Amino acid sequence: MKQLRIKVLVGLFVVAGVLAWAGARLWDSYGTLPGVPVAAPIVLALIAVVLAAMAVSIRSGLRAQRERRPDAKGIDPLMAARAVICGQASALVASLVAGLYGGVGVFLLTSGLDVGPRRTQAIYAGLSVLAGAAVIAAAMFLERVCKLPEGGEGDDDGPGAARA
């Protein structure tokens, strides 16, 4: 499984932002621009919380396993791999969504915030970008927690390790 790259996420964010800005300009010239939903930053923030909770849970389980606590349950490698894939997918989607709302927010900021609803929409768009960044940060943390150690085969003292 390949590690998530910041360059890819930033590229997705920028491309989605530019396309959303252009689309918002075009849409606004033909009529009224659809609003940014209030639920957008809330949903993204909830996803970030879930990813961070998964990372903390896996990290504490791995720590207990490493310290050989008697009540420690092992972390299933397949479950950890699924968590990483979920985090990577969430980061990619959050990058696209944050870019979309970022582009709309830039359009709203440049078109003037003298109208109350536009100001509110710009705030929601900004909060959505921040929540998208939180999802990306939580996904990167989850990926870091689940990463295998860089050492070789003989560094661990697990069940498959050779004993002298």
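A crossing of two helices is called right-handed if the near helix is turned clockwise from the far one by less than a right angle. That term comes back in the legend on α1 and α3, one of several close-ups of this predicted model.

**View 1. The whole chain is built from four helices and zero strands.** Follow the sequence from start to end and you get the pattern α-α-α-α. Of the 164 residues in the chain, 31% are buried. Now take the contacts in the chain with a separation of 6 or more: 84% of them come from residues 24 or more positions apart.

**View 2. Helix α1 meets helix α3 in a right-handed crossing.** Here α1 covers residues 6-30, and its partner α3 covers residues 77-111. Their axes come within 7 Å and cross at roughly 40°. Angles from 35 to 65 degrees fall outside the parallel and perpendicular ranges and count as oblique, so α1 and α3 are oblique to each other. On the α1 side, the residues in the contact include L9, F13, A16, A20, W21 and A24. On the α3 side, look for L92, L96, G99, G103, V104 and F107, among others. Sort the residues of this α1 and α3 contact by type and you get 16 nonpolar, five polar and two charged.

**View 3. V104 in helix α3 is a buried residue.** Its relative accessible area is 13%, and buried means under 20%, so V104 makes the cut. Setting aside neighbours within four places in sequence, V104 is in contact with A20, A24, L33 and V36. Two of those names, A20 and A24, also turn up on the α1 side of the contact with α3. Another residue to find in this view is G126, which sits 22 residues from V104 along the chain, with 9.4 Å between the two C-alpha atoms.

**View 4. Helix α2 packs against helix α3 in a left-handed crossing.** Helix α2 spans residues 39-66, and its axis comes within 11 Å of the α3 axis. The two axes cross at roughly 155°. Anything over 145 degrees counts as roughly antiparallel, and α2 and α3 are therefore roughly antiparallel to each other. From α2, the contact uses A40, L44, I47, L51, M54 and I58. From α3, it uses M79, A83, C86, G87, S90, A94, V97 and Y101. By type, the residues of this α2 and α3 contact split into 12 nonpolar, two polar and no charged.

**View 5. S90 is a residue of helix α3 that touches I47, L51 and V135.** That contact list leaves out residues up to four places away in sequence. I47 and L51 are also on the α2 side of the contact with α3, where S90 itself is listed for α3. Is S90 buried or exposed? At 17% relative accessibility it is under the 20% limit, so S90 counts as buried.

**View 6. Two cysteines, C86 and C146, in a structure with zero disulfides.** C86 has a relative accessibility of 36%, so C86 counts as partly exposed. It is one of the α3 residues that meet α2. C146, with a relative accessible area of 17%, is buried.

Conventions
Residues are numbered from 1 along each chain as its sequence is written. This is a predicted model: local features need pLDDT of at least 70, side-chain atom pairs count only at pLDDT 80 or more; totals for chains, interfaces and linings use all residues. Side-chain values use heavy atoms; hydrogens and water are left out. Helices (H or I, at least four residues) and strands (E, at least two) are DSSP runs, numbered from the N terminus. Buried means under 20% relative accessible area, exposed over 50%, partly exposed in between (1.4 Å probe, protein chains only). Contact means heavy atoms within 4.5 Å. Axes are lines fitted to C-alpha atoms, for helices over the stretch in contact, and angles run from 0 to 180 degrees between N-to-C directions. Angles under 35 degrees count as roughly parallel, over 145 as roughly antiparallel, 65 to 115 as roughly perpendicular and the rest as oblique. Ala, Val, Leu, Ile, Met, Phe, Trp, Tyr, Cys and Pro count as nonpolar, Asp, Glu, Lys and Arg as charged, and the others, Gly among them, as polar. A disulfide is a pair of cysteine sulfur atoms within 2.5 Å.
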